[in-house]
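Student: I've got the model open and would like to go through it with you. Can we start with one of the sheets?

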Amino acid sequence: MIYHQAMVKKSLLDAAENVGRFSLFVNRSYRSFFPFPPFPHMFKDLYEISVRSMPIIILVSAFMGIIMSYQLIYELRTFGAEMYVGGIVAVAVCRELGPVFAAMILAGRISSGIAAELGTMRISEQIDALEVMSVNPLNYLVAPRLLAGLVMIPMLTVFADAVAIAGSFLVAGNILHIHILKYIDNIRFYLDSVDILSGLIKSMVFSQIIVVVGSYFGFFTKGGAEGVGKATTNAVVVASILILVADYFLTALFFG
Amino acid sequence: MIEIRSLHKSFNGKDVLNGVTLSIEDGKITTIIGQSGCGKSVLLKHMVGLHEPDKGEVAVNGDILADMDEEARRRCRSRFSYLFQGGALFDSLTVWENVVFPLVWEGGHHHHYDKKELQQKAAETLELVGMAHVESLKPSELSGGMKKRVALARAIVHNPEYILYDEPTTGLDPVMSAVIDDLILTLNKELGLTSVVVTHDMQSVSRVSDEVCMLYGGRIVFNGSVSRMKQDKNPVLQQFIQRKNDGPILFGQ
């Protein structure tokens with residue numbers, strides 16, 4: 001019994017320590033923005049987050065649109081409302097599914113990549129080397145990625161939304177024989193600018209979660225190759241959870 | 001001069017440094033020897049502020065590291081170079097970009113230099129460590145010895161006053177070890193650098209050291225010249241330098 005109490009106490013203390021350390025890390029990361037990272041230094045991160053993520057984003061978003069369309073047409077037929085499929089898909093994708101799906105995919109791709117890279121730099125003493133050379137590792141390693149994520153992830157989200165809507169048209173056009181202009185008209189009738197804007201704001205928040213969580217786990221990696229593996233896994237799991245939690249609060253804020 | 005006074009450091013409740021007091025004199029090569037895992041690298045990292053002491057203090061030219069604000073610490077660190085055990089070269093940069101990194105990011109701020117000028121500087125510095133014509137390679141394309149020499153080039157490119165070597169010859173063949181020893185001596189004699197070398201390579205110790213310190217049980221148990229080291233009666237020191245199995249140092253301790 002005493003053993004279990006001690007274990008619970010230790011787990012709670014560890015959790016509290018992690019939350020505290022994470023908060024300090026976030027604070028220090030944003031304070032490290034100045035001096036502003038040079039653009040050529042950011043270019044690699046911009047490229048990695050955007051161009052390299054594009055194929056998987058296109059694939060997942062297209063299938064999301066296609067499958068949603070199929071499901072909706074099947075259900076809406078019951079009420080004779082299948083012509084509204086375009087509007088329903090567009091609203092669902094722009095408000096919710098586009099930002100969340102893109103963020104989840106990028107959490108798997110970007111958070112894990114950052115955690116692995118920074119983790120390897122930590123265990124091979126490259127981060128210590130930066131400190132010895134008076135370079136703030138957060139300014140050099142984290143700030144450019146935060147900025148690159150802030151610029152590129154909302155853009156990718158808009159792109160994901162467009163691909164999903166196009167995917168949904170492929171199905172709707174094929175099954176319902178709707179003309180593309182009528183489909184777009186239907187979308188314009190139901191989709192408000194606030195739907196797109198809320199999705200964009202969500203994706204901005206998600207971008208910071210993706211980068212900061214990956215950076216945090218990478219930065220505090222210890223224990224060699226095994227530690228890098230753990231950091232990578234933890235980064236993806238925690239980033240995904242935080243994205244969902246943030247999504248709940250942001251949805252409540254915009255539409256609650 | 002680097003002064004370490006009553007330095008204590010523990011990790012997860014395990015005492016690593018237990019009251020280390022040591023002075024590193026300017027212009028000399030001081031070697032710190034001791035068993036693997038006895039805290040030599042931890043001691044070295046305290047000298048440049050990579051670890052904060054639990055108790056005690058580290059002073060550089062009389063200024064205590066722990067009392068320095070960020071700017072003072074940055075200025076202090078710019079006088080140091082640190083050769084990490086594995087080189088700690090940045091994987092994402094080429095060899096020449098690694099070498100000139102301390103110049104480009106001098107004082108923690110990014111400076112714009114002419115690319116050709118930087119490449120020229122990198123080539124000259126690499127020439128000093130016998131590593132010409134590797135400028136455009138990535139660190140992953142270099143052998144262990146080459147990485148150490150490139151790291152050494154990076155360490156000397158901004159003319160530091162102090163250079164700290166963390167096991168510079170570990171994992172290298174005898175010839176490459178001799179090359180590194182010669183470089184340490186050359187840098188000390190020709191550029192007047194103050195050097196602190198952490199190692200357990202006794203041949204290297206005999207060759208390069210002006211002063212030798214032995215760390216054992218978290219304390220300095222010997223501090224003196226190479227000739228005094230050989231004559232000293234301390235059984236721990238003698239067991240270590242004579243490479244004996246039986247003695248006060250126990251296997252796995």
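Tutor: Sure, start with B:Thr31, which stands opposite B:Val212 in β9(B). This is a predicted model, where local features need pLDDT of at least 70, side-chain atom pairs count only at pLDDT 80 or more, and totals for chains, interfaces and linings use all residues. Residues are numbered from 1 along each chain as its sequence is written, with chains lettered from A and ligands numbered from 1 in the order in which they are written.

Student: How do you know that β3 and β9 of chain B pair?

Tutor: Two strands pair if DSSP finds at least two bridges between them. Strands β3 (residues 29-33) and β9 (residues 211-216) of chain B have four bridges, so they pair, in the parallel sense.

Student: What makes β6 and β10 of chain B edge strands?

Tutor: The open sheet runs β6-β7-β8-β3-β9-β10 in chain B, with mixed pairing. Both β6 (80-83) and β10 (219-224) of chain B pair on one side only.

Student: Over in chain A, why does the span of helix α3 agree with what it should be?

Tutor: The expected span is 1.5 Å times one less than the number of residues. Helix α3 (residues 54-76) of chain A has 23 residues and should span 33 Å; its end C-alpha atoms are 32 Å apart, so that agrees.

Student: Which residues of α3(A) are buried?

Tutor: Among them are A:Ile57, A:Met64 and A:Leu72; buried means 20 or more other C-beta atoms within 10 Å of the residue's own, with C-beta atoms placed from the backbone. The buried residues of α3(A) pack against α4 (85-123) and α6 (137-176) of chain A.

How values were computed: Helices (H or I, at least four residues) and strands (E, at least two) are DSSP runs, numbered from the N terminus. A residue is buried if 20 or more other C-beta atoms lie within 10 Å of its own, exposed if 12 or fewer, and partly exposed in between; C-beta atoms are placed from the backbone. Two residues are in contact if their C-beta atoms, placed from the backbone, lie within 7 Å.
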